[in-house]
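Biologist: I would like a close look at one part of this model. Please take a single helix and walk me through what surrounds it, step by step.

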Amino acid sequence: MSCPDCFKGGVHHEHGTPTGKEETLYGKNCYIASAPANSTSKSAILFLTDAFGLDLINNKLLADKYAAQS
């Protein structure tokens with residue numbers, strides 16, 4: 001059962017275009033979302049998607065958002 005907060009905010013494909021790039025790493029298709037150029041972060045985030053994977057644009061937008069906040 002969902003609550004009203006489940007539908008507030010978030011990232012949706014109507015509000016953006018992915019800025020990362022797709023690459024093949026160790027035989028697996030991956031989406032690379034980089035931090036902004038002025039970022040001093042040395043962190044890396046491994047974002048595992050839901051069953052829709054990279055075919056769902058919102059998963060790419062979420063990765064972009066997490067990278068921008070690092």
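Modeller: Let's start with what is hidden. In helix α1, the residues N58, N59, K60, L61, A63, D64 and A67 are buried. Keep in mind that this is a predicted model. What covers them? The cover over the buried residues of α1 includes β1 and β2.

Now the helix itself. Helix α1 runs over residues 57-68, which makes 12 residues. From its first C-alpha to its last, α1 reaches 17 Å. That is close to the 16 Å expected at 1.5 Å a residue.

Pick one residue and follow it. K60 lies in helix α1. Is K60 buried or exposed? K60 counts as buried because its relative accessibility is 14%, and the cut-off for buried is under 20%. Which residues does K60 touch? Leaving out residues up to four places away in sequence, K60 touches P18, E22, Y31 and L54.

One of those contacts, E22, deserves a second look. Side chains of opposite charge can pair when their charged atoms come close. The side chains of K60 and E22 meet in a salt bridge, at 2.7 Å from N to O. K60 sits in helix α1 and E22 in strand β1, so this pair ties together parts that are 38 residues apart in sequence. E22 is partly exposed, with a relative accessible area of 41%. So a buried residue, K60, is paired with a partly exposed one, E22.

How many salt bridges does the structure hold? There are 2. K21 and E23 also meet in a salt bridge through their side chains, at 3.3 Å from N to O. K21 is partly exposed, with a relative accessible area of 46%. E23 is partly exposed too, at 30% relative accessibility.

Next, the strands that help cover the helix. β1 and β2 pair in the antiparallel sense, over 5 bridges. Two of the pairings can be named. T24 has N29 in β2 as its bridge partner. L25 has K28 in β2 as its bridge partner.

Where does the chain turn between these strands? β1 covers 21-25 and β2 covers 28-32, and Y26 is found in the loop between them. This hairpin has 2 residues between the strands. Y26 has a positive phi of about 55°, although Y26 is not a glycine. Most residues other than glycine have a negative phi. Is Y26 buried or exposed? Y26 is exposed, because its relative accessible area is 85% and the cut-off for exposed is over 50%.

Back to the helix for one last link. The structure holds 1 aromatic pair. F47 and Y66 form that pair, and its geometry is edge-to-face. The ring centres lie 5.5 Å apart, with 75° between the planes. F47 lies in the loop between β2 and α1 and Y66 lies in helix α1, so the pair ties together parts that are 19 residues apart in sequence. F47 counts as partly exposed, at 29% relative accessibility. Y66 also counts as partly exposed, at 32%.

Put the picture together. Helix α1 has a cover that includes β1 and β2. K60 ties α1 to β1 through its salt bridge with E22. Y66 ties α1 to the loop between β2 and α1 through its pair with F47.

Notes. Residues are numbered from 1 along each chain as its sequence is written. This is a predicted model: local features need pLDDT of at least 70, side-chain atom pairs count only at pLDDT 80 or more; totals for chains, interfaces and linings use all residues. Side-chain values use heavy atoms; hydrogens and water are left out. Helices (H or I, at least four residues) and strands (E, at least two) are DSSP runs, numbered from the N terminus. Buried means under 20% relative accessible area, exposed over 50%, partly exposed in between (1.4 Å probe, protein chains only). Two strands pair if DSSP finds at least two bridges between them. The expected span of a helix is 1.5 Å times one less than its number of residues. Contact means heavy atoms within 4.5 Å. Rings of Phe, Tyr and Trp (its six-membered ring) pair if their centres lie within 6.5 Å; planes under 30 degrees apart count as stacked, over 60 as edge-to-face and the rest as tilted. A salt bridge is a side-chain nitrogen of Lys or Arg within 4 Å of a carboxyl oxygen of Asp or Glu.
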